[in-house]
Amino acid sequence: MTQDELKALVGQAALQYVTPGEIVGVGTGSTVNKFIDALASMKDQIQGAVSSSVASTARLQALGIPVFEANDVAELSVYIDGADEIDASGYMVKGGGAALTREKIVAAQSRRFVCIADESKMVKHLGAFPLPVEVIPMATARVARQFAAMGGKATVRLKDGQPLVTDNGQHILDVTGLQVADPLAFESQVNQWPGVVTVGVFAYQKAHVCLLGTSTGVKTLNF
């Protein structure tokens, strides 16, 4: 199967984790788009969704699925999102779609995180994928120097030749050259740096379940 077909497969499989009558947390990205399309088939069975990005909100609403503000919902039973990398403990790197801060917020609001991904995202150690870090623009150069001191190389993500601006009005640094040996400690450390909004290591908001699309079907991993 193609990567696109694998994404559709796990997007469909994620429907089993959606509780009828409730509000579902919805992430961002190409794999999640497949889940959103599948969710439309049961839109009359749920109250709606809390979305982690402007793009996902638009897709949900276009399919007739109501979108609630996170502040108006106390708790979500499940959050369904993709990953750029996921390891055998359920720790992830996320933020390739630049929505990492809102993704982490909705994940923290949810009792269960179900990661949907194709098998290319499964890794032994986090760090091969450029690590996204959302930063306040005035701190960009200093945060980049802090990553350089750790042996990493941080570059500002661009869009149309200009720094990409997130849904929160901030910039993204993509960091290469690091291997994240201790995801919990790394997330804690970088999140303390002044100017960092969110680091794209999801260790405290790790996945509880991963639906992994493989050539032989969907593999369910529980962490």
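Accessible areas come from the Shrake-Rupley method with a 1.4 Å probe, and for residues only the protein chains shown count as cover. This is a predicted model, in which local features need pLDDT of at least 70 and side-chain atom pairs count only at pLDDT 80 or more, while totals for chains, interfaces and linings use all residues. Residues are numbered from 1 along each chain as its sequence is written, and side-chain values use heavy atoms, with hydrogens and water left out.

**View 1. Overall fold of the predicted protein.** The protein exposes about 10000 Å², of which carbon and sulfur atoms supply 51%. Six helices and 16 strands are present; these are DSSP runs numbered from the N terminus (helices H or I, at least four residues; strands E, at least two). The radius of gyration is 17 Å, close to the 17 Å from the globule rule for 223 residues, so the protein is as compact as a globular protein of that length. That radius is taken over C-alpha atoms, and the rule is 2.2 Å times the number of residues to the power 0.38. Of the 223 residues, 52% count as buried (under 20% relative accessible area; exposed is over 50%, partly exposed in between; 1.4 Å probe, protein chains only).

**View 2. The open sheet of four strands.** The strand order is 9-12-8-13, with antiparallel pairing; two strands pair if DSSP finds at least two bridges between them. Strand 9 (153-156) and strand 13 (196-199) are the edge strands, each pairing on one side only. On average, neighbouring strands of this sheet are turned by 30 degrees against each other, direction ignored. Strand 8 (residues 131-135) pairs with strand 13 over three bridges in the antiparallel sense, and Glu134 has Thr198 of strand 13 as its bridge partner.

**View 3. Helices against the sheet.** Helix 5 (residues 140-149) packs on the sheet and touches strand 8, strand 9, strand 12 (171-176) and strand 13; contact means heavy atoms within 4.5 Å. The direction of helix 5 makes about 15 degrees with that of strand 12. Helix 6 (residues 183-191) lies across strand 8 and strand 13, running at about 165 degrees to strand 13. Axes are lines fitted to C-alpha atoms, for helices over the stretch in contact, and angles run from 0 to 180 degrees between N-to-C directions.

**View 4. The two sides of helix 3.** Ser56, Thr57 and Leu60 are buried in helix 3 (residues 54-62). Seen down the axis of helix 3, its buried residues fall within an arc of 100 degrees, so they line one face of the helix; the arc is that of the directions from the helix axis to the C-beta atoms. Ala55 and Ala62, on the other side of helix 3, are exposed.
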